Amino acid sequence: MRRYKDLAINNKLTVLVVLAGSVSLVLSCIAFVTNDVRMIRLSMIDQISTLAEVLGSNSTAALSFRDAETATELLLSLEKQPNVDLAVIYDAAGNVFATYDRSQGRQLFPPEPPRAGYEFAGGYLDVSRRIEHDGQVIGTIYLHTSMRELYDQIFWYVNIVAAVMIGSLLASIVLSSRVQRAISQPILELANAANRISIESDYGLRVEKIADDELGILYDQFNVMLEQIQQRDAAIQRANDELEAKVESRTSQLQKANDTLQREVAERRRAETELAEAQHELMASARRAGMAEIATGVLHNVGNVLNSINVSARLASDRMRQSKVGDLTRVVKLLDEHAADLATFIGHDPKGKRIPAFLDLLSTHLADERADILKELELLNAKIDHIKAIISTQQSYAGVSGVTETVDIATLIDDAMSLNSASLDRHHVAVSRDYAHIPPVKIDKQKALQILVNLIKNAKDACAASSQNRRHLEIRTRLGEAGTVQIHVVDNGVGIPRDHLTRIFSHGFTTKKTGHGFGLHSCANAAQELGGSLVAFSDGPGTGATFVLEFPYEPAEAIV
Amino acid sequence: MSAVSRLVRVTTIGMLVCLLVCLTADSSRAQPGSVINRENTLKALFLYNFGSYVEWPAGVFASENEPFEIGVFGQTPVEPVLREIAANKKINGRRIVIRRFASIEALRPCPIVFISDDVDSTTQEIALQSLAGDHVLVVGESAGFAQRGGVVNFVVESNKLRFQINVGAARRRGLKISAKLLSLARIVGAASATAE
């Protein structure tokens with residue numbers, strides 16, 4: 001159902017008139033009916049009281065002379081009073097003396113005379129009167145009168161009111177629908193005009209007033225308002241134009257600022273690039289430092305081998321110096337002196353007789369000597385080969401980094417180990433190996449070697465710095481769960497304090513007097529470049545440390 | 001008001017019907033034994049009540065304060081009951097005084113004189129004669145008393161105490177009997193009136 005306030009104004013006016021009319025009608029009807037009911041009740045009281053008085057007066061003799069029959073006859077006259085349903089006469093003592101009951105015994109008499117007066121109860125009017133004679137109360141009469149008549153009358157009133165209501169409502173609807181036009185028509189026209197304006201956005205439209213009443217004023221004000229809107233529109237347009245100009249200038253300013261900013265950003269980017277390059281160079285220098293370390297190792301090893309070469313060479317030269325070749329020269333000289341009588345000399349001369357035995361001894365001696373020297377020379381050769389091997393190892397790792405090669409992990413570790421073998425021996429570090437079976441992998445060999453050499457060298461340093469009697473280094477290889485290769489370098493050296501575990505990988509951090517703080521940093525970087533990681537574990541100072549290098553396992557393609 | 005007049009009319013008709021019924025039932029006389037106690041009481045009550053339903057001429061009572069005298073002639077059990085009523089009640093605002101007349105010589109006119117059954121019929125006749133000129137409501141309780149010149153006579157009908165009224169005798173004695181009282185009474189005396 002639509003609410004009243006949403007109704008069209010003409011309907012609203014009709015409802016107003018009809019509502020006002022019907023409300024006043026209903027109220028006046030209620031007033032009339034109420035008054036009538038009151039009057040009817042009053043007249044009923046009056047009438048029934050009179051009836052009771054007459055009946056009471058007529059029944060005095062019957063009461064005085066105890067003639068109940070006569071009293072009952074008297075009450076029988078109430079047949080003609082259709083509203084009196086019950087009548088009772090009580091004697092002076094309050095006993096029931098005579099009764100009348102229209103409904104033949106269905107009604108109950110009050111057993112005692114009710115108090116004098118009247119009462120409306122349960123749709124009945126009860127009237128009770130004292131019967132007096134000669135100044136004395138000789139009895140009571142009680143009449144029980146139905147209000148049916150009154151109710152019938154009210155019912156008729158209500159019907160009449162309803163009929164009048166409907167009639168007057170119809171009349172007021174017809175009348176108001178005509179009269180309300182004078183008010184609603186101009187308002188509806190105004191509403192239409194407003195609607196048209198809002199749809200067409202044409203504020204040039206004007207309305208024409210019909211009368212000079214309040215609606216006429218409304219029309220005038222409406223026109224004034226339209227005029228103002230037009231002016232305001234123009235003002236807004238102007239302001240808008242200005243604003244656009246402002247926005248344009250501000251945009252160009254912003255553009256300039258933006259350009260500046262972009263330039264700054266570019267500069268900053270360039271600075272960043274430079275920084276990256278510097279860092280890269282630093283990395284390269286670190287790697288060079290690593291290379292130098294390898295070179296140091298190589299030279300050390302070479303030096304060691306050279307030492308034994310030196311010994312071997314000296315041995316050989318000493319042997320040669322002690323050689324019995326001079327004895328042979330003397331025998332040859334003796335034989336030259338006795339060239340003419342060689343046979344006599346050998347056969348008869350005492351010196352000559354010893355020559356064949358001497359030669360035999362000499363030849364045996366020389367043969368031994370040759371064998372010794374050959375042996376030394378072979379050793380020498382072997383040591384030279386060793387040097388060659390060391391140098392060729394160095395050469396093989398000195399190549400350009402970033403090139404992946406097929407490498408056997410065990411060989412790689414052994415190479416790294418051999419680069420450190422001299423210092424490991426010197427510091428009495430026992431080395432054990434625990435290799436898992438890992439097929440050859442593809443890896444940047446030089447980076448891996450650099451890391452391993454560094455780790456082994458660190459382990460050796462850690463062992464050397466500790467007071468441990470049995471210095472020990474173990475290298476393990478494992479295939480990781482997530483398709484990785486793990487190389488564990490485990491030492492029982494000085495260990496790492498817990499708070500150093502991560503710092504040791506940062507640039508410039510070192511605990512060694514001669515350290516430069518590049519080693520582990522560049523190792524970690526190299527591990528990252530391999531696509532892997534380098535992690536340190538230690539339970540604290542004196543407990544040793546474990547470094548784990550982990551990189552993705554890329555099996556080498558099968559060689560056809 | 002029409003309703004009231006209608007009611008009055010109906011009441012009158014009702015009373016007449018009642019009277020008719022009572023007259024037809026006259027002959028049937030019930031056992032007096034069962035009634036005897038109540039009968040005396042009722043007779044005393046009725047005698048007292050007659051005082052307010054009958055109007056005496058103005059000269060009967062000399063002053064406002066003069067008591068209302070009820071005379072009793074003859075020995076009767078009604079008297080003590082009547083004396084009891086007289087002690088408690090008033091008639092028209094007057095005290096009630098009971099006068100007992102032991103003999104016909106002692107008999108004097110009172111507003112009401114009750115001649116009991118105890119008095120023989122000859123003496124009753126003399127008494128009636130002696131009171132004939134006075135404004136006295138003469139009440140009896142003997143058969144044919146009203147017809148013989150008494151104004152009121154008690155009779156028992158269908159085990160009920162009723163009374164006959166000789167209207168002519170009342171008029172002769174200057175007494176105005178209320179219509180209400182008449183409506184309850186058996187009206188007699190036409191024969192007696194013509195005989196007088």
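Two residues are in contact here if their C-beta atoms, placed from the backbone, lie within 7 Å. With that in mind, begin the tour by selecting chain B of this predicted model, where, among contacts between residues at least 6 apart in sequence, 63% join residues at least 24 apart. Colour chain B by secondary structure, and 7 helices and 10 strands should appear; of its 196 residues, 39% are buried.

**The sheet of chain B**

Select next the open sheet of 8 strands in chain B, and follow it in the order β3-β4-β2-β5-β6-β7-β8-β10, bearing in mind that its pairing is mixed. At the edges stand β3 (90–91) and β10 (186–188) of chain B, each of which has a single partner strand, so that one side of each is left without a neighbour in the sheet. In general, the strands of a sheet pair through backbone hydrogen bonds, either parallel or antiparallel. Zoom in on β3(B) and on β4 (residues 94–101) of chain B, which pair in the antiparallel sense over 2 bridges, and pick out Ile91(B), whose bridge partner in β4(B) is Arg94(B).

Now add helix α3 (residues 78–88) of chain B, which lies across β2 (68–73), β4 and β5 (112–115) of the chain and runs at about 160° to β4(B).

**The largest nonpolar core**

Which residues touch the most other members of the largest nonpolar core? Select Leu47(B), Ile70(B), Phe114(B) and Leu137(B), which hold that place among the 79 residues of the core. Helix α2 (residues 36–53) of chain B gives this core its largest share, 8 residues. Centre the view on Leu47(B) and, leaving aside residues up to four places away in sequence, look for the residues that it touches, namely Ile70(B), Leu82(B), Ile112(B), Phe114(B) and Val139(B).

**Leu182 of chain B**

Staying in chain B, move to helix α6 (residues 179–184), where Leu182(B) is found. Because Leu182(B) has 17 C-beta neighbours inside 10 Å, this residue counts as partly exposed. Not counting residues up to four places away in sequence, Leu182(B) touches Ile165(B), Ile177(B) and Ile187(B). A distance drawn between the C-alpha atoms of Leu182(B) and Ile165(B), which are 17 residues apart along the chain, should read 7.5 Å.

**Chain A: a helix and two loops**

Turn now to chain A and select helix α11 (residues 445–465), whose 21 residues reach 30 Å from the first C-alpha to the last, close to the 30 Å expected at 1.5 Å a residue. Is this helix enclosed or open to its surroundings? Of the 21 residues of α11(A), 19 are buried, so the helix is largely enclosed by the rest of the structure. A second, separate core, of 41 residues, can be located by selecting some of its members, including Val298(A), Leu424(A), Leu455(A) and Ala459(A).

Two loops of chain A complete the tour. In the loop between β4 (124–133) and β5 (136–146) of chain A, select Asp134(A), which has a positive phi of about 50° although it is not a glycine; with 16 C-beta neighbours inside 10 Å, Asp134(A) counts as partly exposed. Then go to the loop between α10 (409–426) and β7 (430–434) of chain A and select His428(A), where phi is near 55°, again a positive value in a residue other than glycine. His428(A) has 11 C-beta neighbours inside 10 Å and therefore counts as exposed.

Conventions
Residues numbered from 1 in each chain as written. Chains lettered and ligands numbered in written order. Predicted model: local features only at pLDDT ≥ 70, side-chain atom pairs only at ≥ 80, totals over all residues. Pairing = 2+ DSSP bridges. Helix = DSSP H or I, 4+ residues; strand = E, 2+ residues; numbered from the N terminus. Axes fitted to C-alpha atoms, helices over the stretch in contact; angles between N-to-C directions. Buried ≥ 20, exposed ≤ 12 C-beta atoms within 10 Å, placed from the backbone. Expected span 1.5 Å × (residues − 1). Core = buried A, V, L, I, M, F, W, Y, C linked by C-beta atoms within 7 Å.
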